[in-house]
Amino acid sequence: MGDLFLRSGRGLVTAMAIFWLVFLVAPIVVTLASSFTSSTYLTFPPPGYSVRWYLSAFDSEWVWSTFWNSVVIAVVSTAIAVALGIAAARVLARHRFYGRGLFEYAVLSPLIIPGVVVGFALLNVSVLIETQDAGLLNLIIGHTMVTTPFTLRSVWSSMAGSEISLEEAAQSLGATRWSAFWLIVFPLIVPGIVAGAIIAFTFSFNDVTISAFLSAREARTLPVELMSHIEYLPDPTPAAVSSLMIVITLAFFLLIERTVGLDVFADR
């Protein structure tokens, strides 16, 4: 009887794993296949194969303009998120204080709160302080808020694994806290910083939920523009652009895995 339950449990776990794998991978496969269609509208399976929509994407002005908007927003928000993540990780890894748990949950809360809620809240705040027309600023603030937890987690993992005795020894030999941090701690947490920055940049560049609330006429991101394009035009150009974004995102994750490893986000 025990063996029967064990085999049934294993079969159920295997079936669930296969289901979720298909559920997650199938949309990517459909998008990639549809991007090579020879048809003038999105269809699956494609009646024929062509790269015309990739050429159309590279020739489209709206693709390049929104692409550079997304790059600028992702770079700036990632830089700010890295700085905030290092500061917060320093506090959490080296100090014990009243309200530490509350501070941790507050900083990591964007990982728990749905993006729709965050985007809607930020939109209301921008309307309240009358900055709703400053789309670029609002997007940078919003993306910084939701990407800081990624940099915090990776830097915190690296900093918690570093020996505090090395820093204390440097200070006992005359080094200031600032110089001890830059000469001792910083080289040890560089892998965490790089991993967190890559994840933050990828998340910011691909974000559509928060960007849909905060985008303005002069500051629209590529994912938001793709969503609008799909709504009003039937051509497969968005499928080609989305396929390129999938490949770039996969390349970023492979870069992290090959350099510092994805477990930097789990260990602390």
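**A guided tour of an eleven-helix chain**

Begin by selecting Thr202, which has its place in helix α8. The model on display is a predicted one. Thr202 has a relative accessible area of 6%, and it is therefore classed as buried, the limit being under 20%. Now show what surrounds Thr202. Apart from its neighbours within four places in sequence, Thr202 is in contact with Thr249, Phe252 and Phe253.

**From Thr202 to Phe252**

Select Phe252 next. This residue belongs to helix α11, which covers residues 237-259. Is Phe252 buried or partly exposed? Its relative accessibility is 24%, so Phe252 counts as partly exposed. Which residues does Phe252 touch, once neighbours within four places in sequence are left aside? They are Ile198, Phe201 and Thr202. Thr202, the starting point of the tour, lies in α8, and its own contacts include Phe252.

Keep Phe252 selected and add Ala195. The two residues are 57 residues apart in sequence. In space, the distance from C-alpha to C-alpha is 9.4 Å.

**From α8 to α3**

Select the whole of helix α8, residues 177-206, together with helix α3, residues 61-94. Two packed helices are described by the angle between their axes and the distance between the axes. For α3 and α8 the angle is about 145 degrees, and the axes are 9 Å apart. The crossing of α3 past α8 is right-handed.

Display the side chains where these helices meet. On the α3 side the residues are Phe67, Ser70, Val71, Ile73, Ala74, Val75, Ser77, Thr78, Val82, Ile86 and Arg90. On the α8 side they are Phe181, Val185, Ile193, Ala197, Ala200, Phe201, Ser204 and Phe205. Sorted by class, this contact of α3 with α8 comprises 14 nonpolar, four polar and one charged residues. Phe201 deserves a second look: this residue of α8 meets α3, and Phe201 is also among the contacts of Phe252.

**From α3 to α4**

Leave α3 selected and add helix α4, residues 100-108. The axes of α3 and α4 are 11 Å apart, at an angle of about 150 degrees. Why are α3 and α4 described as roughly antiparallel? Angles over 145 degrees count as roughly antiparallel, and the angle of about 150 degrees therefore places α3 and α4 in that group. The crossing of this pair is left-handed.

Here α3 contributes Ala88, Val91 and Leu92 to the contact, while α4 contributes Arg100, Phe103 and Glu104. Four of the residues in the contact of α3 with α4 are nonpolar, none is polar and two are charged.

**A salt bridge**

Select Glu225 and Arg220. Their side chains form a salt bridge, with 2.7 Å from N to O. The count for the model is one salt bridge. How do the partners stand with respect to burial? Glu225 has 18% relative accessibility and so counts as buried. Arg220, at 26%, counts as partly exposed.

**The whole chain**

Finally, clear the selection and view the entire protein chain. How many helices and strands does the protein chain have? There are eleven helices and zero strands. Of the 268 residues in the protein chain, 40% are buried. Among contacts with a separation of 6 or more, 71% are accounted for by residues 24 or more positions apart.

Notes. Residues numbered from 1 in each chain as written. Predicted model: local features only at pLDDT ≥ 70, side-chain atom pairs only at ≥ 80, totals over all residues. Heavy atoms only, no water. Axes fitted to C-alpha atoms, helices over the stretch in contact; angles between N-to-C directions. Helix = DSSP H or I, 4+ residues; strand = E, 2+ residues; numbered from the N terminus. Left-handed = near helix turned anticlockwise from the far one by under 90°. Contact = heavy atoms within 4.5 Å. Nonpolar A, V, L, I, M, F, W, Y, C, P; charged D, E, K, R; others polar. Salt bridge = Lys/Arg side-chain N within 4 Å of Asp/Glu carboxyl O. Buried < 20%, exposed > 50% of the residue type's maximum accessible area, 1.4 Å probe, protein only. Parallel < 35°, antiparallel > 145°, perpendicular 65-115°, else oblique.
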